[in-house]
Amino acid sequence: MVPDKLLLTTPNPIEERLEALREFFPEAFKEGKLDLETFKQLLGEKVETGRERYGLSWAGKAEAIRAVQIPSSGTLRPRRDQSVGFDTSENVIIEGDNLEVLKLLQQAYHGKVKLIYIDPPYNTGNDFVYPDDFREGVRQYLRFTGQLSEDGVRLTTAPEEGGRIHSRWLSMMYPRLQLARSLLRDDGVIFVSIDDHELHNLRAIMDEIFGEENFLATVLWQKKYAPSNDTTDFSYTHDYLLSYVKSRRFNEQGKAVATLKRMERTEEQNRLYKNPDNDPRGPWMSDNYTCNKTSEQRPNLYYPIIHPKTGKEIWPSRTAVWRYSRERHEQNVREGRVWWGLNQENETPRYKRYLSEVAGVVADTWWEHTDVGHTDEAKKEFKSLFGEDADAFDTPKPVRLLKRLLQLSTEPDAGDIVLDFFAGSGTLGQAVLEMNQEDGGNRRFVLVQLPEPTRNPNYPTISSVTRGRVQKAAERIRSGDEKSAVRLLEPDGQDLGFRAFSLDTSNFKLWDGEAEDIQGQLEALVDNLVEGRTQEDVLFELLLKAGLPLSSRIQKKELEGQKVYSVAEGQLLVCLERPIRAETLRAMMALEPKPLQVVCLDVAFVGGDALKTNIALEMRDRGIRFRTV
Ligand SMILES: C[S@@+](CC[C@H](N)C(=O)[O-])C[C@H]1O[C@@H](n2cnc3c(N)ncnc32)[C@H](O)[C@@H]1O
């Protein structure tokens, strides 16, 4: 028996979906492949066969769909020098192209993210759109960002290539949204900022990727507090936020179960509750006693109620029957919740709803700048952190806007992970730190940002701005700076740091299927580690490929005189020593708690095939997944 090899490229996400199909339609699979003809027969009338069909199509769509399946051969290298509290923080900031990064995150973050917020380029013609070449992957990224010598940085704004401006944008967004979806938890939510340039197209691809039934709303955010008079016809004062849940839940009656949390009530909303009858239970508001069902639909809710003063029978209308059953109405009477006016002068009853019993308010779809900030406020916030360097970033969102998203879709203390893979200046990172500070929460963030050049020498790339902003926001919280509107809790114990990573090619030499010098490749692969990479680089590549998050705790141990990394409280053990000794391997197996996975280098066993076989058997017997790389 030989140990399995740890796969160094990212898995094809199609496999997982095929597996789901195989579970329900085993007959449609022939020799491991989906037989479309049989599949169509099994589905019968449910298959759309007409030549004309509903859906959005654009030049390059097929390639964009395939882009998701092209594996990434990259890795995320830890950058201690760019991090704050690397060993303790569970927040993550990644520098790189988000398509590659999202692929690399697939195993470790699959189904784990509670909230995704993105604010992608709006495709206004002036914003920058990264020129994807799906087949080139990380190499294209390195060349493009000047990290490979060939042609250095070629920064362009999105040129109108033969009228394909929408197509290019859609091809950029489609694979990223597909990959993002699989990172969401089932109750996870995505919000995407956009304006009228691409709202219609974004809605169409989001419907396709997330499913129309998972659409929550298109929120309008009032981004400006005053119209500008220098526009042609309209002054645009709002942006949109498109929102979807990964998977809508329904109760037994088929009614959608709420996904978003309610918002805290404002003073203004509370003022609607009064107490004209000095009810000891406190302020209340009267509510409808009828509902919008007919007597045919709900015969049990069509019955007479006796007026307490006149003794007359009061019937509801046949088209709007009582809201409560007879039994519930009698209980309402006993509890003094039926309101007929101060002197019982009203002809119909109303229900007394007490302020002490009402939950928060349901969010509406119109978000005013007075509640969530505007673009000027966002720029001021950025300037208050960056001062003279404020020219390093032009288009931040207000912190209050992102706090609202956190409020609606995360729990303070459940360790929720939030992701922004078009992070820009990292406003979401600041919002998470401040919200955690305000409510003692432990939300964690993952931010991804391309090292797009700026014109500021102190912050030469936008990714350096992202890191800089989070660091400055944390310092402000730590020092309790007055400029911060944050109500300060004791900052002890709050995670105010982040682990920084950067996208690069794998730490392992990969087989190049197109190379001609096969002998040379074989020799090079005997020792398959790329020169110049550190043990920590390798460790994080293995950790991610083994499906553990980038925030995992790492402890160094010494077993039988060799160094072993224990990841995520011992779930994964990695030993990069070579040659590795039998005693070390057995000591790893004997550790408590028992490791779930063990990974070592293949070259650590050179000339020791018998040892490799024996250890593989022993690990299997102990239920430990043993792999080499
Ligand atoms: C509108 S900004 C986001 C602003 C952010 N919400 C804030 O408050 O600061 C969009 C960002 O996406 C980045 N971006 C564009 N293409 C990218 C890609 N392929 N990978 C990662 N980031 C990208 C741009 O560099 C830009 O900083």
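**View 1. Pro593 and Pro579 each follow a cis peptide bond.** Pro593 is placed in the loop between helix H17 and strand S24 (597-600), where helices (H or I, at least four residues) and strands (E, at least two) are DSSP runs that are numbered from the N terminus. The model shown here is a predicted one, in which local features need pLDDT of at least 70 and side-chain atom pairs count only at pLDDT 80 or more, while totals for chains, interfaces and linings use all residues. Residues are numbered from 1 along each chain as its sequence is written, and side-chain values use heavy atoms, with hydrogens and water left out. The peptide bond that leads from Glu592 to Pro593 is cis, with omega near -5°. The bond from Arg578 to Pro579 is also cis, again with omega near -5°, and Pro579 is found in the loop between strand S23 (572-575) and helix H17 (582-590).

**View 2. Strands S21 and S22 form a hairpin.** Strand S21 (residues 554-559) and strand S22 (residues 562-567) pair in the antiparallel sense over six bridges; two strands are said to pair if DSSP finds at least two bridges between them. Ile554 has Val567 of S22 as its bridge partner. Two residues stand between the strands of this hairpin, and Glu560, in the loop between S21 and S22, has a positive phi of about 50° although it is not a glycine.

**View 3. Three strands form an open sheet in the order S10-S14-S13.** The pairing in this sheet is antiparallel. Strand S10 (284-287) and strand S13 (338-339) stand at its edges, each with a single partner strand, so one side of each has no neighbour in the sheet. Strand S14 (residues 350-354) is joined to S10 by four bridges, and Met285 stands opposite Arg353 in S14.

**View 4. Ten strands form an open sheet with mixed pairing.** The order of the strands is S4-S20-S5-S17-S16-S6-S7-S9-S8-S15. At the edges stand strand S4 (74-78) and strand S15 (366-367), each with a single partner strand, so one side of each is left without a neighbour in the sheet. Within the sheet, strand S16 (residues 417-420) and strand S17 (residues 444-449) pair in the parallel sense over four bridges, and Leu419 has Val446 in S17 as its bridge partner. Helix H5 (residues 137-144) packs on the sheet and touches S4, strand S5 (92-95) and strand S20 (499-505), contact meaning heavy atoms within 4.5 Å. The direction of H5 makes about 105° with that of S20; axes are lines fitted to C-alpha atoms, for helices over the stretch in contact, and angles run from 0 to 180 degrees between N-to-C directions. Helix H13 (residues 427-439) lies across strand S6 (113-118), S16 and S17, and runs at about 170° to S17.

**View 5. The ligand has 20 residues around it.** A residue is near the ligand if one of its heavy atoms lies within 4 Å of it, and those that come nearest are Asp119, Ser425, Thr427, Gln449 and Glu452. An oxygen atom of the ligand is 2.6 Å from an N or O atom in the side chain of Ser425, and a polar side-chain atom of Gln449 lies 2.8 Å from an oxygen atom of the ligand. A polar backbone atom of Lys397 is 2.9 Å from a ligand oxygen atom.

Key:
A polar contact is a pair of N or O atoms within 3.5 Å; within protein, one must be able to donate a hydrogen and the other to accept it, and residues adjacent in sequence count only if both atoms are side-chain atoms.
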